[in-house]
Amino acid sequence: MPEPLKKLPIRDDLKDLHPYGAPQLEVDVQLNTNENPYGPSEALQAAVAVAVRNVAGTLNRYPDRDAVELRQDLAAYLGHGLTEANTWAANGSNEVIQQLLQAFGGPGRTALGFEPSYSMHPLIAQVTCTEWIAGRRDEDYGLSAAAEQVQRHHPDVTFITSPNNPTGTSVPLDLIADAYDATTGMLVVDEAYAEFRRDGTPSALTLLPGRERLVVCRTMSKAFAAAGTRLGYLAADPAVPDALLRVRLPYHLSTVTQAVARTALAHTSELLSSVEALRSERDALVTWLRGRGLVAADSDANFVLFGTFEDRHKVWQALLDRSVLIRETGPAGWLRVTVGTPQEMSAFRDALTEVLGQ
Ligand SMILES: Cc1ncc(COP(=O)(O)O)c(C=O)c1O
């Protein structure tokens, strides 16, 4: 336990917990947290300023507790016949996941995820006193054995991340439907990277009708280029938002957050206009890495998992020494790089070529 904590009566199970910590370092090329590298246009910046100005006079009042208009906008964006009653929003999808585990997990309950996957799922499980069950993936990171593992463990909450972080791989819908049929608990499909998926990869939104224990989580932090806004959301049967009302803190989404997120949604086509370029850049990166004799996982996201290295930390550090920051995560020997602008990718390729040539 860190020395300063010894002075505090902190919960035993948190004493040795490592806080989430992708490094936030000043570098020329930042490719470690899967953000969209393209900032908002001048016009969108001005629209955000106007939106904040318009609500500034109401900041003495609490925000709309149920974020109704924002949820209407989110439902309209998602389509699939969804309405505001099917959606719920919070400060990042991390908060949505926390609320889901507060409502459906908790003491005496379990959550199952298939590793390697998003490291916050087990961390949020721990913090909400939900026992974490580490399920496994196939050799190629597929999930052919998901339903069987769900059946075996009887989890109260199951997470399927698709496209998965850090592997980039997505899960066919029939496997998700099978996992749903195999559980009496909640099935949460974390689709943080959905907008980047390759053509022909459908979203689990299409599975929602008739499946009241299925939840699809999304975020504006990735394709939507709004990580700083902190806005995550879900789509599900209306009973799910109703359940979350019981655990959410009142007024959890500030008036400013709601106004900025609605402005971003009103500029959906501009914000998503970079997705096509990022997908092409990603596919080119996979080809380039394989051409260098490296292994690169197929990716439906805005990052690529590649390797394998005997000492991945050494490679990560050598890239950082060249002001290129990527992520040391995933299975031993692998590294993850976020897809950036063409200039950033060219800097990454040059740096990696130099490092590998050493
Ligand atoms: C799979 C996955 N889910 C959820 C999140 C959380 O995103 P946010 O809280 O910014 O919405 C991330 C962020 O990296 C992620 O990779």
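Helices here are DSSP runs of H or I with at least four residues, strands are runs of E with at least two, and both are numbered from the N terminus. This is a predicted model, in which local features need pLDDT of at least 70 and side-chain atom pairs count only at pLDDT 80 or more, while totals for chains, interfaces and linings use all residues. Residues are numbered from 1 along each chain as its sequence is written, and side-chain values use heavy atoms, with hydrogens and water left out.

**View A. The loop between α7 and α8, home of Tyr251.** Tyr251 shows a positive phi of about 60 degrees, although it is not a glycine. With 29% relative accessibility, Tyr251 counts as partly exposed (buried is under 20% relative accessible area, exposed over 50%, partly exposed in between; 1.4 Å probe, protein chains only). Pro250 is in the loop that runs between α7 (239-244) and α8 (255-266), and at 49% relative accessibility it also counts as partly exposed. From Pro250 to Pro37 it's 33 Å in space, C-alpha to C-alpha, and 213 residues in sequence.

**View B. His154, between α5 and β5.** The loop here follows α5 (146-153). His154 is not a glycine, yet its phi is positive, at about 50 degrees. Most residues other than glycine have a negative phi. His154 is exposed, at a relative accessible area of 62%.

**View C. The loop between β5 and α6, with Pro166 in it.** Asn165 and Pro166 are joined by a cis peptide bond, omega about 15 degrees. Thr169 sits in the loop between β5 (157-161) and α6 (173-181) and counts as buried at 11% relative accessibility. Its side chain makes a polar contact of 2.7 Å with that of Thr167 (a pair of N or O atoms within 3.5 Å; within protein, one must be able to donate a hydrogen and the other to accept it, and residues adjacent in sequence count only if both atoms are side-chain atoms).

**View D. A cis peptide bond between Gly307 and Thr308.** Omega is about -10 degrees for this bond. Thr308 lies in the loop between β10 (303-307) and α11 (312-321).

**View E. Polar side chains meeting the ligand: Asp190, Tyr193 and Arg230.** An N or O atom in the Asp190 side chain is 2.7 Å from a ligand nitrogen. For Tyr193, a side-chain N or O atom is 2.6 Å from a ligand oxygen. Arg230 has a polar side-chain atom 2.7 Å from an oxygen atom of the ligand.
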